[in-house]
Amino acid sequence: MPFYREPLLGTADTDNSCIKRLKDIVHPNHLLPEDILPGCRSVVAYFLPFKEDIVRENRQGRSAARLWAEVYIATNSLLQKIAEAMRDRLAVEGFRCAWEKPTHNFDEDLLMSFWSHKHLAFACGLGRFGKNHLLITERGCAGRLGSLVTDFQLESKYVEDTPFYSCPEGCTYCAKHCPAGALGEGGIDRKACYRILLENDRLYPDLDLCDVCGKCSTGPCAVL
Ligand code: B12
Ligand code: SF4
Ligand code: SF4
């Protein structure tokens, strides 16, 4: 695992209050666990934190580092393999699993997904949202998330008042380093951000789709 530090895993009951309110919190089109696996009982979310050298490399310049783009592609396929491995393991015990892919499952106009791994990971107690709109876990925000649902009853690890990282007072690193100027008081300008991501994809035509940037995940909250 050359790209990652130790992963994090969280679990929640499907009747957790945050999960039940996903349609209100994210968007009315957001699915509930029951929609992708009828009869499911638990949600599992996991975070693969990037090693510091990957973050350091992406800190330089306006464009996404080639390494950041390569790790993005590799991680999309690893997250898929992790879900398949969990499905196979749980199937041995007679349980079922369902999941959504790590990305490229969003509405191109709204730039929102019907399955937000960040919100499911939040519900599983993996972290809190930072001013960069990313989920900041106890290992930082530089990394990628996955989530799945299962009809296996897992013990919920969600604790309402877990102390989590909060942005240091006065920190504006992510807003200042955003090449799109997309991070401001009024939330994130998704379209401006996406334009930069597609610009970076065009920089590396020899790689598969790599709509990346991630300058907002190279600051003090990137690697914890
Ligand atoms: C659509 C999408 C995008 C869009 C829109 C981004 C956005 N922030 O909305 C575009 C294409 C622009 C994009 C860009 C990026 N993305 Co993106 N993207 C997604 C995708 C497919 C869906 C996200 C979604 O719809 N979220 C729902 C919306 C409503 O969430 P939101 O915009 O963040 O708004 C909420 C929060 O701000 C929240 N909030 C703020 N404070 C609080 C407090 C509380 C208590 C709560 C509950 C909520 C909350 O309120 C808003 C509404 O709920 C997910 C994969 C997936 N299927 O989950 C990846 C994902 C979110 N992206 C990811 C990443 C890493 C990136 C980039 C860094 C690109 C890169 N890889 O180099 C940039 C970062 C942009 C940014 N700063 O957010 C990671 C995030 C990892 C993390 N640590 O959080 C994800 C989860 C992919 C993955 N599998 O890991 N992305
Ligand atoms: S860079 Fe600073 S302000 Fe932005 S999310 Fe990280 S800690 Fe918060
Ligand atoms: S990914 Fe890049 S363009 Fe998008 S919000 Fe972060 S720094 Fe800005």
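Around ligand 1 in this predicted model, the shell residues divide into 21 nonpolar, 10 polar and 3 charged. That shell holds 34 residues, and the closest to the ligand are Ser-113, Phe-129, Arg-144, Val-212 and Gly-214. Several elements take part: β5 (112-113), α6 (117-123), β8 (143-150) and α8 (190-203) each give at least two residues to the shell. The largest share is that of α8, with 4 residues.

Two further ligands have shells of their own. Here is how the residues around each ligand divide.

| Ligand | Nonpolar | Polar | Charged |
|---|---|---|---|
| Ligand 1 | 21 residues | 10 residues | 3 residues |
| Ligand 2 | 7 residues | 3 residues | 1 residue |
| Ligand 3 | 9 residues | 1 residue | 1 residue |

If you would like to find ligand 2 in the structure, look for Cys-167, Cys-171, Cys-174 and Cys-221, which are among the residues around it. Also in that group are Gly-130, Lys-131 and Asn-132, together with Pro-168, Tyr-173, Gly-219 and Pro-220. For ligand 3, the surrounding residues include Cys-178, Cys-193, Cys-213 and Cys-216. Pro-179, Ala-180, Ala-182, Leu-183, Ile-196, Gly-214 and Lys-215 are found around ligand 3 as well. You may recognise Gly-214, since this residue is also one of the closest to ligand 1.

Now step back to the whole protein. Its secondary structure comes to 8 helices and 10 strands. Along the principal axes, the C-alpha trace spans about 50 × 40 × 35 Å. A compact globule of 224 residues would have a radius of gyration near 17 Å, and the value for this protein, 17 Å, agrees with that. Buried residues account for 38% of the 224. Of the contacts between residues at least 6 apart in sequence, 76% join residues at least 24 apart.

In soluble globular proteins, nonpolar side chains tend to be buried together. The largest nonpolar core here has 51 residues, and Val-43, Ala-45, Trp-68, Ala-121, Cys-124, Leu-126 and Leu-135 have the most contacts inside it. Take Leu-135 as an example: beyond its neighbours within four places in sequence, this residue is in contact with Lys-118, Ala-121, Phe-122, Leu-126, Gly-127, Phe-129, Cys-141 and Leu-145.

Trp-68 leads us to helix α5, where it is one of the buried residues, alongside Ala-69, Val-71, Tyr-72, Thr-75, Leu-79 and Ala-83. The cover over these buried residues includes β2 (42-49), α4 (52-59), β3 (97-99), β8 and α8. Helix α5 covers residues 66-92; at 1.5 Å a residue, its 27 residues should span 39 Å, and the 40 Å between its end C-alpha atoms agrees. After α5 comes Gly-94, which has a positive phi near 90°.

Is Ala-65, in the loop between α4 and α5, buried or exposed? Ala-65 is buried, because 21 other C-beta atoms lie within 10 Å, and the cut-off for a buried residue is 20 or more. Setting aside residues up to four places away in sequence, Ala-65 touches Glu-57, Asn-58 and Gln-60.

A contrasting case is His-177, which lies in helix α7 (residues 173-177). With 16 C-beta neighbours inside 10 Å, His-177 counts as partly exposed. Apart from residues up to four places away in sequence, His-177 touches Lys-215, Cys-216, Thr-218 and Gly-219. His-177 and Arg-62 are 115 residues apart in sequence, with their C-alpha atoms 8.4 Å apart in space.

Key
Residues numbered from 1 in each chain as written. Chains lettered and ligands numbered in written order. Predicted model: local features only at pLDDT ≥ 70, side-chain atom pairs only at ≥ 80, totals over all residues. Near = placed C-beta within 6 Å. Nonpolar A, V, L, I, M, F, W, Y, C, P; charged D, E, K, R; others polar. Rg over C-alpha atoms; globule rule 2.2 N^0.38 Å. Buried ≥ 20, exposed ≤ 12 C-beta atoms within 10 Å, placed from the backbone. Contact = placed C-beta atoms within 7 Å. Core = buried A, V, L, I, M, F, W, Y, C linked by C-beta atoms within 7 Å. Expected span 1.5 Å × (residues − 1).
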